[in-house]
Amino acid sequence: MSLKPELTPTQALQLRHSIIEEAKRLGFQQVGVTDTDLSSHVQHYADWLKNDYHGDLEYMQSHGSKRWTPGQLIDGTLRVISLRMDYLSDEPQHAADILNQPEQAYISRYTLGRDYHKLLRNRLKHLISFIREHTETHYNFRAFVDSAPVLERALAQKAGLGWFGKNTMLINRSAGSWFFIAEIYTDLDLPLDEPYTEEHCGSCTSCLDKCPTDAFVAPYVLDAKRCISYLTIESKEAIPLELRAKMGNRIFGCDDCQIVCPWTKFSQASDEQDFQPRHKLDTQKLVSLFLWSEEEFLTKTEGSAIRRTGYEGWLRNIAVALGNAPTSESVIHALKTQENSPSELVFEHVQWALEQHVQIIKLN
């Protein structure tokens, strides 16, 4: 006997409403439901991979069609519940101000607080428990937060959460792009939301024009190999010489294309305590962070997405930023503390940074 009796239309609508209300109680700002047909997004994604714009992100192509076929990833999936949670803890102008102070460290706003994966995953777990209690049947649910081959933004667009901006990010009229998205795959046949089919970027190219490393090949097409977020977080290799000076003081991620987007003026600050900056990472000096020992790095990034770069990558990134900083005794002293680093990666970037200051000293 089936343990999954079909809901009546009225029951399904009531359940969907209850899910939305509970999701908002759990801190999500928006919820949408979509089916599993992502065929309209496949060609764009395939072309992106074909052109090698994913760099060393092999996981972007290693799962084949599972990424755009939810039913292959989780058998029986009929619906995807897509959810949005805003994360910006301060005004976008504050982020812009930090970028204009080259002795300070710029860290992408999404990673200043607790690792969002853990927070969202925990909230989704509670939401799934809530749905189970209200269905009283054995429907299947699987939550994802950047944790599997999932076309998150495509699903969110189909669920009505926003449109694809020219910077390839999902943009929402009331939140800009300062938000996380997460998904629940289920075989529960919920009513669908209308996809977001409008596009509100118009003739604006601010995001493309502002990119420090010219990572956008064209509107809606990003070459990850030139993206500062990729270079400082995902890549474990040396940062290309021709891009180092363009990175400025950005040591973990980059938000430039979000900061300049006109839609960010509608963003609402998040009241989630876990998204508030830890260890004053929103106002730290480059020199101070570079002088962290590995033990300090591990202690102060515990429970943070910054851990992803590792201590070696941390020093590599900051060395480049120090090479771009104004010449001073404190900058030179900090760099010389790693002048004989056993890490070839750190050593090479420190030498490059010191050379930038030697050249400036000679010119003066």
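This report describes the fold, the charges and selected residues of one protein chain.

The structure is a predicted model, in which local features need pLDDT of at least 70 and side-chain atom pairs count only at pLDDT 80 or more, while totals for chains, interfaces and linings use all residues. Residues are numbered from 1 along each chain as its sequence is written, and side-chain values use heavy atoms, with hydrogens and water left out.

## Overall fold

The protein chain holds 15 helices and 10 strands. Both are DSSP runs numbered from the N terminus: helices are H or I with at least four residues, strands are E with at least two. The C-alpha trace spans about 80 × 40 × 35 Å along its principal axes. The radius of gyration of the protein chain is 22 Å, which agrees with the value near 21 Å that a compact globule of 364 residues would have. This radius is taken over C-alpha atoms, and the globule rule is 2.2 Å times the number of residues to the power 0.38.

Of the 364 residues, 53% count as buried. Buried means under 20% relative accessible area, exposed means over 50%, and partly exposed lies in between, with a 1.4 Å probe and protein chains only. The protein chain exposes about 17100 Å², and carbon and sulfur atoms supply 49% of this area. Accessible areas come from the Shrake-Rupley method with a 1.4 Å probe; for residues, only the protein chains shown count as cover.

Contacts (heavy atoms within 4.5 Å) can be sorted by sequence separation. Among those in the protein chain with a separation of 6 or more, 78% are between residues 24 or more positions apart.

## Charges and salt bridges

The protein chain carries 38 positive and 49 negative side chains, and the centres of the two sets lie 1 Å apart. Lys and Arg count as positive and Asp and Glu as negative, whereas His and the chain ends are not counted. The place of a charge is taken as NZ of Lys, CZ of Arg, CG of Asp or CD of Glu.

A salt bridge is a side-chain nitrogen of Lys or Arg within 4 Å of a carboxyl oxygen of Asp or Glu. The count by this rule comes to 14 salt bridges. Three of the pairs are listed here.

| Pair | Closest N to O distance |
|---|---|
| Lys-158 and Asp-35 | 2.6 Å |
| Asp-223 and Lys-225 | 3.0 Å |
| Arg-114 and Asp-274 | 3.2 Å |

Lys-158 forms a salt bridge with Asp-35. Lys-158 lies in helix α6 (residues 152-158) and Asp-35 in the loop between β1 (30-34) and α2 (39-50), so the pair ties together parts that are 123 residues apart in sequence. Lys-158 counts as buried at 14% relative accessibility, and Asp-35 counts as partly exposed at 22%.

Arg-114 forms a salt bridge with Asp-274. This pair also links distant parts of the chain, 160 residues apart: Arg-114 is in the loop between β3 (106-107) and α5 (116-135), and Asp-274 is in the loop between α10 (256-259) and α11 (286-290). Arg-114 is partly exposed at 27% relative accessibility, and Asp-274 is partly exposed at 27%.

In the pair of Asp-223 and Lys-225, Asp-223 is buried with a relative accessible area of 10%. Lys-225 is partly exposed with 30%.

## Selected residues

Thr-213 sits in the loop between α7 (206-210) and β8 (216-218). Thr-213 is buried, with a relative accessible area of 0%. Leaving aside residues up to four places away in sequence, Thr-213 touches Arg-226, Cys-227, Ile-228, Leu-243 and Lys-246.

Glu-22 belongs to helix α1 (residues 9-25) and counts as buried at 11% relative accessibility. With residues up to four places away in sequence not counted, Glu-22 touches Leu-127 and Phe-130. The C-alpha atoms of Glu-22 and Leu-127 are separated by 6.9 Å, and the two residues are 105 residues apart along the chain.

Glu-296 is in helix α12 (residues 294-300) and is partly exposed at 30% relative accessibility. Its C-alpha atom is 9.8 Å from that of Tyr-311, 15 residues apart along the chain.

## Backbone angles

Two residues other than glycine with positive phi are described here. Tyr-220, with phi near 75°, is in the loop between β8 and β9 (221-222) and is partly exposed at 29% relative accessibility. His-279, with phi of about 50°, is in the loop between α10 and α11 and is partly exposed at 41%.
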